Amino acid sequence: MHISFSLRILAASHYIPFTAPLTCLYVLLVKPSDHFLFPHMRQGFGIFLCWFFSTFVLALFPFLGWILFFTLLATSVHGAYQAYLGKSFSLPFFGFFGKILPFEKIYKLIVGKDFPHHDSSLPTS
């Protein structure tokens, strides 16, 4: 299956930490049933939340915070690169974390309609 360049760029942008909320909102409102974007949106937002909380860890525990910072940086770069290549994959922690976020309920709250159902799970390997 061929995935267009614009969809690959949009999927990769989910892994850029502080653009994730905007790209998630765009996907929820414009392309909620896209089988390629939705799983990347879930993982990207999970990484964004970890980035957000890591700033507090960095402030309180600098050494641990820097380790977490570089780990999240490497994860974000890897995720963006894989999305740019057009691959669907699951990151070990963030794949699970992204699945428990209630994007379907957020969609219904914003749009007022039921979420268009599809299987948004990523492969496990």
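## Helix packing, ring pairs and charged side chains

Student: Which helices do the buried residues of α4 pack against?
Tutor: Contact means heavy atoms within 4.5 Å, and buried means under 20% relative accessible area, with exposed over 50% and partly exposed in between (1.4 Å probe, protein chains only). Helices (H or I, at least four residues) and strands (E, at least two) are DSSP runs, numbered from the N terminus. The buried residues of α4 include Gly-65, Leu-72 and Gln-82. The helices that these buried residues pack against are α1 (5–13), α3 and α5 (92–100).

Student: Which pLDDT must side-chain atom pairs have in order to count?
Tutor: Residues are numbered from 1 along each chain as its sequence is written, and side-chain values use heavy atoms, leaving out hydrogens and water. This is a predicted model, in which totals for chains, interfaces and linings use all residues, local features need pLDDT of at least 70, and side-chain atom pairs count only at pLDDT 80 or more.

Student: How far apart are the end C-alpha atoms of helix α4?
Tutor: The expected span of a helix is 1.5 Å times one less than its number of residues. For the 23 residues of α4 (residues 62–84), this gives 33 Å. The model agrees with that expectation, because the end C-alpha atoms are separated by 32 Å.

Student: Which residue with a positive phi follows α4?
Tutor: The phi in question is near 85°. The residue that has this positive value after α4 is Gly-86.

Student: How many aromatic pairs does the structure hold?
Tutor: Rings of Phe, Tyr and Trp (its six-membered ring) pair if their centres lie within 6.5 Å; planes under 30 degrees apart count as stacked, over 60 as edge-to-face and the rest as tilted. Under this rule, the count of aromatic pairs is twelve.

Student: How many residues separate Phe-5 and Tyr-84?
Tutor: These two rings form an edge-to-face pair, 6.1 Å centre to centre with 85° between the planes. Phe-5 belongs to helix α1 and Tyr-84 to helix α4, and the pair links distant parts of the chain. Phe-5 is partly exposed at 48% relative accessible area, and Tyr-84 is partly exposed at 34%. Along the chain, their separation in residues is 79.

Student: Which helices does the pair of Phe-45 and Phe-103 tie together?
Tutor: This pair is also edge-to-face, with 5.7 Å centre to centre and 80° between the planes. Phe-45 counts as buried because its relative accessible area is 18%, and Phe-103 is buried at 4%. The pair ties together parts 58 residues apart in sequence, because the two rings lie in α3 and α6 (residues 103–111) respectively.

Student: Which residues do ring pairs link into a cluster?
Tutor: Phe-45 and Phe-103 are members of the cluster. In full, its residues are Phe-18, Phe-38, Phe-45, Phe-48 and Phe-103.

Student: Where do the side chains of Arg-42 and Glu-104 lie, and at what N to O distance do they meet?
Tutor: A salt bridge is a side-chain nitrogen of Lys or Arg within 4 Å of a carboxyl oxygen of Asp or Glu, and a search of the whole structure finds two. Arg-42 is buried at 5%, whereas Glu-104 is partly exposed at 28%. Their side chains form one of these bridges; the pair ties together parts 62 residues apart, because Arg-42 lies in α3 and Glu-104 in α6, and the N to O distance is 2.5 Å.

Student: Is Asp-114, which meets Lys-108 in a salt bridge, buried or exposed?
Tutor: The N to O distance of this bridge is 3.1 Å. Lys-108 is partly exposed at 45%. Because its relative accessibility is 55%, Asp-114 counts as exposed.

Student: Which side chain of opposite charge is nearest to Asp-34, and how far away is it?
Tutor: Asp-34 sits in the loop between α2 (20–30) and α3 (37–60), and its relative accessible area of 18% makes it buried. Lys and Arg count as positive and Asp and Glu as negative, while His and the chain ends are not counted. Asp-34 has no salt bridge; the nearest side chain of opposite charge is Lys-31, at 5.1 Å.

Student: Which backbone nitrogens lie 2.8 Å and 2.9 Å from a polar atom of the Asp-34 side chain?
Tutor: A polar contact is a pair of N or O atoms within 3.5 Å; within protein, one must be able to donate a hydrogen and the other to accept it, and residues adjacent in sequence count only if both atoms are side-chain atoms. The nitrogen at 2.8 Å belongs to Phe-36, and the one at 2.9 Å belongs to Leu-37.
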